[in-house]
Amino acid sequence: MTLPPEFALIARHFRPLAGPGALELSDDAAVMAPPPGRELVLAADAMVAGVHFLPDDPPETIGRKLLRTNLSDLASMGAAPLAYLLTASLPRDMASGWLGGFSAGLAQDQTEFGIFLLGGDTTSTPGPMSLSLTILGHVAPGQALRRVGAMPGQDIWVSGTIGDGTLGLAVLLGELPGVASGHLAGRYRLPRPRVALGQALVGLATAAMDVSDGLVQDLGHLCRASGCGAEIEAAGLPLSDEAAALLATRPELLPRILTGGDDYELLFAAPPEAAGEITARATGSGVAATRIGRFLPGEALVTVRDARGGEISLGRGGWSHF
């Protein structure tokens, strides 16, 4: 029997991604249970063409970025990935080759991160392409990392490097002429969710979240949840070689590095005496972790200081859709 066009599209591009409980994407819903003795952790993120990715971005990286931004949310909770649901609102004239690249990117990262598709929905849209993914993970009962829990006197840590994503977008938009697009553009198009590190921090970090809307703004969210302030030491920010080279010649980029989004690194709190263990666990997870400041008593304000202790004016806190 010939399938209707929508169901033929699903069978061709998405059924090969389906895993246990998905029922071959042939029923109204999936059926599954979390691993024995574990709690489910759920998150959802959307990506809209022209807002979260550029029209000429490769479809493979769009699929992978969609999955990876959600994996970053699981990482911030210390959760292990399990499965995901996908909703895609696509133009009617969407080329089959684009969907083939998109699903191939998802397949690549499903293998890398040990996750599979459970189901979802496909619709047509006259507006920009809109993609939404709901991810499921699992964690030991009561062990999920939370934004609440940071305390005055504890250290502020981040994983990886800060600022590559926002600088990569600037390069792709032509805002930094003469700068090669390689590494920085790659970090914008393809985040690196710190899933292994997130799980390694369970029982060690006192609070955590991922950096998606800018370091300063997201640290402010963590401070509000925990009821304290924070101070960032700008000289201690971990930068990639490419970002450091740019900042050396264009110091005016520092506020953008501090407030730009698309880092998808982990931001977390820990007591000073945990520094050695954090470094060891980060190394074992394949990524560096860097102390960048400390939490302070008082209201939930974030201050950034230069090497001489002076306050750096930023102008804005970070990205906001509204």
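Which residues does UniProt list for "binding site" in the unreviewed entry? The record names D28 and D73. In the predicted model examined here, these two positions are spread over 46 residues of sequence and are also spread in space, with up to 26.6 Å between C-alpha atoms. One of the set, D28, belongs to the lining of the second largest pocket.

The surroundings of the two aspartates were examined in turn. D28 is situated in the loop that connects α1 (5–13) with β1 (39–48). Its relative accessibility is 87%, and D28 is therefore classed as exposed. D73, by contrast, is part of helix α2, which covers residues 59–76. Because the relative accessible area of D73 is 19%, and the limit for a buried residue is under 20%, D73 is assigned to the buried class. When neighbours within four places in sequence are set aside, D73 makes contact with A43, D45 and D210.

D45, one of these contacts of D73, also appears in the annotation. UniProt places a "binding site" feature, again from an unreviewed entry, at D45 and D73. This pair spans 29 residues in sequence, yet no two of the C-alpha atoms are more than 9.0 Å apart, so the two positions gather at one spot. D45 is located in strand β1, and with a relative accessible area of 28% this residue is partly exposed. Beyond its neighbours within four places in sequence, D45 is in contact with D73 and with L66, T69, N70, L131, S132 and L133.

The pocket that includes D28 in its lining was then characterised. The volume of the second largest pocket is about 440 Å³. It is lined by 22 residues, of which I10, L25, D27, G119 and G120 are the closest to the centre. Two or more lining residues come from each of the elements α1, β2 (80–90) and β3 (116–124). The greatest contribution to the lining is that of β3, which provides 6 residues. Divided by class, the lining of this pocket comprises 13 nonpolar, 4 polar and 5 charged residues.

Cysteine pairing was also assessed. A disulfide is a covalent bond between the sulfur atoms of two cysteines. The count for the model is 0 disulfides. C223 takes part in no disulfide, and the nearest cysteine sulfur, that of C228, lies 4.9 Å away. C228 is likewise in no disulfide, its nearest cysteine sulfur being that of C223 at 4.9 Å. The cut-off for a disulfide is a sulfur pair within 2.5 Å, so a separation of 4.9 Å does not qualify. C223 has a relative accessible area of 0% and is therefore buried. C228 is also counted as buried, with a relative accessibility of 0%.

A further local environment is that of L254. This residue is found in helix α9, which comprises residues 254–259. L254 has a relative accessibility of 15% and so counts as buried. Apart from neighbours within four places in sequence, its contacts are A234, L237, L247 and I312. L254 and I312 are 58 residues apart along the chain, while their C-alpha atoms are separated by 9.4 Å.

Technical notes
Residues numbered from 1 in each chain as written. Predicted model: local features only at pLDDT ≥ 70, side-chain atom pairs only at ≥ 80, totals over all residues. Heavy atoms only, no water. UniProt positions renumbered as here; feature names shortened; annotations may be inferred. 1 Å grid on protein atoms, 1.4 Å probe; cavity = no way out; pocket = protein on both sides within 12 Å on 5 of 7 lines; lining within 4 Å. Helix = DSSP H or I, 4+ residues; strand = E, 2+ residues; numbered from the N terminus. Buried < 20%, exposed > 50% of the residue type's maximum accessible area, 1.4 Å probe, protein only. Contact = heavy atoms within 4.5 Å. Points joined across faces, edges and corners; volume = space filled by probe spheres on them. Nonpolar A, V, L, I, M, F, W, Y, C, P; charged D, E, K, R; others polar.
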